Amino acid sequence: MSDDADRRHMRRAIELARAQLGRTGENPAVGCVVVSEGEAVAEAATADGGRPHAEEQALAQAGERARGAAVFVTLEPCGERSNGTASCSERLVSAGVARVVFACGNPHGLSAGRGPARLGDAGLRLERDFLQDEAAFLYADR
């Protein structure tokens with residue numbers, strides 16, 4: 001994928017998250033775009049009230065097209081869920097995605113590097129801080 005395409009997909013994820021600011025309760029507004037063979041095949045943002053998470057919804061939309069795909073997400077995928085269900089990082093690994101690109105780290109105790117560590121351990125290509133300066137406003141108040 002080209003740098004221009006990567007920027008376009010991440011900027012779309014940022015737009016999705018921006019539209020949910022103030023609507024996700026205690027959870028951050030996150031945008032996610034799943035890209036297969038250069039084409040966006042699914043996109044989502046954290047739902048009203050904070051559940052389901054953006055990655056969870058986008059992976060469900062993508063179905064089998066998520067296998068081998070690249071995922072662009074505005075915040076690092078969670079490593080654990082407070083409600084005990086599968087975390088976003090677990091879902092990404094299970095879906096068989098090949099690459100995860102995220103804009104901002106997440107200092108929350110259930111995240112804070114756990115998700116990216118799981119993704120890296122599973123052999124996914126991981127790119128951190130991509131367009132972080134453009135997405136930082138989403139998490140400035142957290």
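Start by selecting G22, which sits in the loop between α1 and β1. Keep in mind as you click around that this is a predicted model. Is G22 buried or exposed? It counts as exposed, because its relative accessibility is 80%. Check its backbone too: G22 comes after α1 and has a positive phi, near 80 degrees. Now add A58 to your selection and draw a line between the two C-alpha atoms. G22 and A58 are 36 residues apart in sequence, and the line spans 20 Å.

Step back by one residue to L21, which is also found in the loop between α1 and β1. L21 has a relative accessible area of 37%, so it is partly exposed. Which residues does L21 contact, leaving aside neighbours within four places in sequence? Show A29, F137 and L138, and you have them. For a longer view, pick L75: it is 54 residues from L21 in sequence, and their C-alpha atoms are 13 Å apart.

**Along helix α1**

Now select residues 3-20, which make up helix α1. How many residues does α1 have? There are 18, and the helix reaches 26 Å from its first C-alpha to its last, close to the 26 Å expected at 1.5 Å a residue.

Colour the buried residues of this helix next. They are A5, D6, H9, M10, A13, I14, L16, A17 and Q20. What do these buried residues pack against? Turn on β1 (31-36), β2, β3 (70-75), β4 (99-104) and α5 to see their partners.

**Looking for disulfides**

Let's hunt for cysteines. A disulfide is a covalent bond between the sulfur atoms of two cysteines. How many disulfides does the structure hold? The count is zero. Select C32 and C88 to see why: C88 has the cysteine sulfur closest to that of C32, but the distance is 8.1 Å, which is too far for a bond. Then try C104, which is in no disulfide either; its nearest cysteine sulfur, that of C32, is 14 Å away. While you have these residues lit up, look at how they sit in the protein. C32 counts as buried because its relative accessibility is 1%, and C104 counts as buried too, at 6%.

**Helix α3 and the loop before it**

Move on to L92, in helix α3 (residues 88-95). Its relative accessibility is 0%, so L92 counts as buried. What is packed around it? Leaving aside neighbours within four places in sequence, L92 is in contact with L59, V71, P77, V97, V100 and L119. Show those side chains together with L92. You can also pick A122, which is 30 residues from L92 in sequence and 10.0 Å away in space, C-alpha to C-alpha.

Next, select S87, in the loop between β3 and α3. Is S87 buried or exposed? Its relative accessibility is 0%, so it counts as buried. Beyond its neighbours within four places in sequence, S87 is in contact with C78, G79, E80, R81 and R118. The C-alpha atoms of S87 and P52 are separated by 11 Å, although the two residues are 35 residues apart along the chain.

**Some backbone details**

Since you have P52 selected, stay there: it lies in the loop between β2 (39-45) and α2 (54-62). Zoom in on the bond joining R51 and P52. What kind of peptide bond is it? It is a cis peptide bond, with omega about -5 degrees.

Then jump to D129, in the loop between β5 (125-127) and α5 (132-135). D129 has a positive phi, near 60 degrees, in a residue other than glycine. It counts as partly exposed because its relative accessibility is 43%. L131 is in the loop between β5 and α5 as well. The phi of L131 is positive too, near 55 degrees, but L131 counts as buried, at 12% relative accessibility.

**Last stop: the largest pocket**

Switch to a surface view to finish. Rolling a probe the size of a water molecule over the atoms shows where empty space is left. How much space lies in the largest pocket? It holds about 480 Å³. Of the 28 residues that line this pocket, select N27, P28, N106, H108 and S111, which are the closest to its centre. Colour the lining by type and you'll get twelve nonpolar, nine polar and seven charged residues.

Notes
Residues are numbered from 1 along each chain as its sequence is written. This is a predicted model: local features need pLDDT of at least 70, side-chain atom pairs count only at pLDDT 80 or more; totals for chains, interfaces and linings use all residues. Side-chain values use heavy atoms; hydrogens and water are left out. Helices (H or I, at least four residues) and strands (E, at least two) are DSSP runs, numbered from the N terminus. Buried means under 20% relative accessible area, exposed over 50%, partly exposed in between (1.4 Å probe, protein chains only). The expected span of a helix is 1.5 Å times one less than its number of residues. Contact means heavy atoms within 4.5 Å. A disulfide is a pair of cysteine sulfur atoms within 2.5 Å. On a 1 Å grid over the protein atoms alone, a cavity is a set of points where a 1.4 Å probe fits but cannot get out, and a pocket is an open set with protein on both sides within 12 Å along at least five of seven lines; lining residues have an atom within 4 Å of a point. Grid points are joined across faces, edges and corners, and a volume is the space filled by probe spheres set on the points. Ala, Val, Leu, Ile, Met, Phe, Trp, Tyr, Cys and Pro count as nonpolar, Asp, Glu, Lys and Arg as charged, and the others, Gly among them, as polar.
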